[in-house]
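Student: Please take one part of this model and go through it slowly with me. I would like to follow how its pieces are placed and what surrounds them.

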Amino acid sequence: MQSAESTDPSDPTMSAEQDQSVSTTSVSSHESNSTVANIDPIASGASTLAQLNTLIEESMQIYELEDQKTNIIDDLHNALKIITEFLSFSVNVHPQIFNLPSDSNIVLLPNLDLIIKLSNGKTETKKFSDYPPETITQIIEYVTPQLIGLIQTQKAYLTEKITFLRTATKQLNTLSQLKENLPNMVPSTENTENVV
């Protein structure tokens, strides 16, 4: 079934508007084909090679950054582990950092292993250095204030004990000096013979 309005350019009944529309479409199509034909294949190839070089350079930089990231995480892990193992502190880590439910329990051990206890009773152990930099950063931001608090408490405890021991030592030294200054109270053997 033919439509009421014909789009055939040779149709004498076509209106002037339709004729102009078909002509514009023909010109646009011709210009598009002409543009495609005018692309220089040598210039196109050179552009593609330049893009490939950029791709290689950017990929190498990403590789180097990934390598640096691994080294930095290892250095950070080793430095922090020295402190935590020396202090023997374990601290809690917020479960939201790991996108876990709030009733989960995560503990960072002195060796920087993470013990993760889920609400269903399942327990797993993860290494601190296995996480991406974003998670490691959040862990450090969360546990550092706790570690500082534990250190300050331990320092106060040790200071109190050392002060006590120092005072006790002074008193014992004083007693020892008094004993040295006391006259000899032990009776001599001569006096003992006379008494007998």
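Tutor: In the hairpin formed by β3 and β4, five residues lie between the two strands, and Gly121 has a positive phi near 95° there. Strands such as these are DSSP runs of E with at least two residues, while helices are runs of H or I with at least four, and both are numbered from the N terminus. The model is a predicted one, in which local features need pLDDT of at least 70 and side-chain atom pairs count only at pLDDT 80 or more, whereas totals for chains, interfaces and linings use all residues. Residues are numbered from 1 along each chain as its sequence is written, and side-chain values use heavy atoms, with hydrogens and water left out.

The two strands of the hairpin, β3 and β4, run antiparallel and are joined by five bridges; two strands are said to pair if DSSP finds at least two bridges between them. Across this pairing, Ile115 stands opposite Thr125 in β4. Strands of a sheet pair through backbone hydrogen bonds, either parallel or antiparallel.

The hairpin also carries a salt bridge, a term for a side-chain nitrogen of Lys or Arg within 4 Å of a carboxyl oxygen of Asp or Glu. Here the side chains of Lys127 and Asp113 meet at 3.8 Å, N to O. Lys127 belongs to strand β4 and Asp113 to strand β3, so this pair ties together parts that are 14 residues apart in sequence. Lys127 is partly exposed, with a relative accessible area of 46%, whereas Asp113 is buried at 15%; buried means under 20% relative accessible area, exposed means over 50%, and partly exposed lies in between (1.4 Å probe, protein chains only). A search of the whole structure finds two salt bridges. In the other, Lys69 and Glu66 meet at 2.9 Å, N to O, and these two residues, three apart in helix α2, are separated by about one helical turn.

On its other side, β3 (residues 113-117) pairs with β2 (residues 105-108) in the antiparallel sense over four bridges, and Leu108 stands opposite Leu114 in β3. The hairpin is thus part of an open sheet of four strands, whose order is β1-β2-β3-β4 with antiparallel pairing. Its edge strands are β1 (91-93) and β4 (123-127), each of which pairs on one side only. Neighbouring strands of the sheet are turned by 30° against each other on average, direction ignored, where the axes are lines fitted to C-alpha atoms (for helices, over the stretch in contact) and angles run from 0 to 180 degrees between N-to-C directions.

Two residues from helices touch this region, where contact means heavy atoms within 4.5 Å. His77, placed in helix α2, is in contact with Asn111, Leu112, Phe128 and Ser129 once its neighbours within four places in sequence are left aside, and at 14% relative accessibility His77 counts as buried. Val143, placed in helix α3 (residues 133-181), touches Val91, Asn92, Val93 and Leu108, not counting residues up to four places away in sequence. Although Val143 and Val93 are 50 residues apart in sequence, their C-alpha atoms are 6.7 Å apart in space, and Val143 is buried, with a relative accessible area of 2%.
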